[in-house]
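Please read the following points with the coordinates open beside them. They are arranged by topic, and each can be checked on its own.

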Amino acid sequence: MASILIIEDDSTFAQIIEGFLTKHHFEVTTVGNVAKALKLLSQQNFELLLIDYRLPDGTGIDVLNHRREAGSAVPAVIMTSFNDVRTAVKSIQLGASDYITKPINPDELLMVVNTALEKKSTAKVERTDNRFIRGKSDAAKRLYQHIDLVAATDMSVIIQGESGTGKEFAARTLHQQSKRKSQPFIAIDCGALSKDLAASELFGHTKGAFTGALADKKGSFEAANGGTIFLDEIGNLSYEVQVKLLRALQERVIQPVGSNKQIAVDVRIITATNDDLANSMKNGEFREDLYHRLNEFKIQLPPLRERGEDLELFIDLFIKLSNEELHREVEKLDRETRQLLLKYDWPGNLRELRNVIKRMVLLTPGKIATADSLPDEMKTAVTTPSALPNPTDIKAVNETNEKALITEALLKSKYNKSKAAKLLNIDRKTLYSKMERYGID
């Protein structure tokens, strides 16, 4: 039986989930806050974490950060309201396997749990899905013109775009169209690497190099020799690791942790971020010399809301893939359902679209999907005009004004958060908290 830790402060909801998963032969433990979860994680090993985003003493992000710092590879799923999808998508950057929105459907929960556990067991198997489509919109055409142009070279590429826009797929496409296509493609999620183990993961280590190093380990750079290494969310790497990465790029050699031996490597570097690395560089959070080595060519991925006619192509593709995976026979959408999908703004981009379509297919017993299979909050977001708040609702008006002031300050400071905080006469921690509250990316 796979062991699952549920971190959820709603005791009734937690008991319902626990009962359901227990019936399906999982071993379940529940806790109600971040502190208890971290204590338990230091004492026991679990095979999956189910984490509520909003907790009494913090958020699910706190648990993900602890997991990363501890170097844990246990898969985690964030449970959140539909309105917090932007935050749930951000949790993927910190190593969450997936997210699921409340209210949770039992069949959907079982599907997400099983998928997360399967990902863990096949984590080292490289998969390439060639069934994805390029799209026909002007934005898609420009994107693939750039990919076609740079793929055949050995230039280092930065892929920039919002969460969920398909940065890893773009990196794989670059690799598949390059002269290195027959060699390894290694993808590393830098957001999921602990600061202590990042150098070991990338460059390897020798036996006894640190506590827990029981044998020599080959790093990702050595494993990717001759091929391509993709570093997602590269802005999360510590300064020390950035120094070692720069050396690997300049001298084409790596040095495993604890070793005096240098190993020659020939790899192409593709990096990705949803942050503005140029801004991080100005703030002293990212090395300028490394940035220029990585930024030989930049590819900007357009968000789904700017891809026009491509949205329908992706909807049909994800229905097809979900039918195959879930053994369903959904052939089409009724008019209302298709209109809802086309009008929604998709803040989580392709990742959110795929999740919504998969849930829709799962909840559709026949061949025609209806609006009943879509989240209620999504229908509300589409059908309710995004008007100004009720002028008699002082709290709503103040929140709207505060959000506008924060956004304006960020624009004036060119997204330098320290400067923005000074303009607003608040500390940086308060600014981060308010940005998260208002969904300001």
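1. In this predicted model, K358 is buried, with a relative accessible area of 14%, which falls under the 20% cut-off. The side chain of K358 meets that of E325 in a salt bridge, with an N to O distance of 2.8 Å. K358 belongs to helix 15 and E325 to helix 13, so this pair ties together parts of the chain that are 33 residues apart in sequence. The acidic partner, E325, counts as partly exposed because its relative accessibility is 45%.

2. Which helix gives the most residues to the largest nonpolar core? This core has 48 residues, and those with the most contacts inside it are L21, L50 and L353. Among the elements that give two or more residues to the core are strand 1 (3-7), strand 3 (48-52) and strand 6 (76-81), together with helix 1 (11-23), helix 5 (106-121), helix 14 (335-343) and helix 15 (349-362). Helix 13 gives the most, with eight residues. As a general background to this point, nonpolar side chains in soluble globular proteins tend to be buried together.

3. The salt bridges in the model come to a count of 17. One of them joins the side chains of E8 and K102 at 3.0 Å, N to O. Since E8 lies in the loop between strand 1 and helix 1, while K102 lies in strand 7 (residues 98-102), the pair ties together parts that are 94 residues apart in sequence. E8 counts as buried because its relative accessibility is 3%, whereas K102, with a relative accessible area of 23%, is partly exposed.

4. A further salt bridge is formed by the side chains of R180 and D266, which meet at 2.9 Å, N to O. R180 is placed in the loop between helix 7 (167-176) and strand 9 (185-189), and D266 in the loop between strand 12 (263-264) and strand 13 (268-273), so the bridge ties together parts that are 86 residues apart in sequence. The two partners should be described separately with respect to accessibility: R180 counts as buried at 6% relative accessibility, and D266 counts as partly exposed at 36%. I would also note that R180 and D266 are linked with D154, K179 and R252 in a network of salt bridges.

5. Two backbone positions deserve a separate comment. Most residues other than glycine have a negative phi. H25, however, has a positive phi, near 70 degrees, and E233 likewise has a positive value, near 50 degrees. H25 is found in the loop between helix 1 and strand 2 (27-31), and E233 in the loop between strand 10 (228-232) and helix 10 (239-251). Are these two residues buried or exposed? H25 is exposed, its relative accessible area being 58%, while E233 is buried, with a relative accessible area of 3%.

6. On the surface, K282, K414, K419 and K422 form a positive patch. Of these lysines, K282 is found in helix 11, which covers residues 277-282. K282 counts as exposed because its relative accessibility, 64%, is over the 50% cut-off.

7. Two separations in space complete the note. R134 is found in the loop between helix 5 and helix 6 (138-151), and at 39% relative accessibility R134 counts as partly exposed. The C-alpha atoms of R134 and L313 are separated by 9.4 Å, although these residues are 179 residues apart along the chain. L410, which is found in helix 17 (residues 394-412), counts as buried at 1% relative accessibility. L410 and E436 are 26 residues apart in sequence, and the distance between them in space is 14 Å, C-alpha to C-alpha.

Methods: Residues are numbered from 1 along each chain as its sequence is written. This is a predicted model: local features need pLDDT of at least 70, side-chain atom pairs count only at pLDDT 80 or more; totals for chains, interfaces and linings use all residues. Side-chain values use heavy atoms; hydrogens and water are left out. Patches are made of residues with over 30% relative accessible area and no salt bridge: like charges are joined within 9 Å, nonpolar side chains (Val, Leu, Ile, Met, Phe, Trp, Tyr) within 5 Å. Accessible areas come from the Shrake-Rupley method with a 1.4 Å probe; for residues, only the protein chains shown count as cover. A salt bridge is a side-chain nitrogen of Lys or Arg within 4 Å of a carboxyl oxygen of Asp or Glu. Lys and Arg count as positive and Asp and Glu as negative; His and the chain ends are not counted. The place of a charge is taken as NZ of Lys, CZ of Arg, CG of Asp or CD of Glu. Helices (H or I, at least four residues) and strands (E, at least two) are DSSP runs, numbered from the N terminus. Buried means under 20% relative accessible area, exposed over 50%, partly exposed in between (1.4 Å probe, protein chains only). A nonpolar core is a set of buried Ala, Val, Leu, Ile, Met, Phe, Trp, Tyr and Cys residues joined through side-chain atoms within 4.5 Å.
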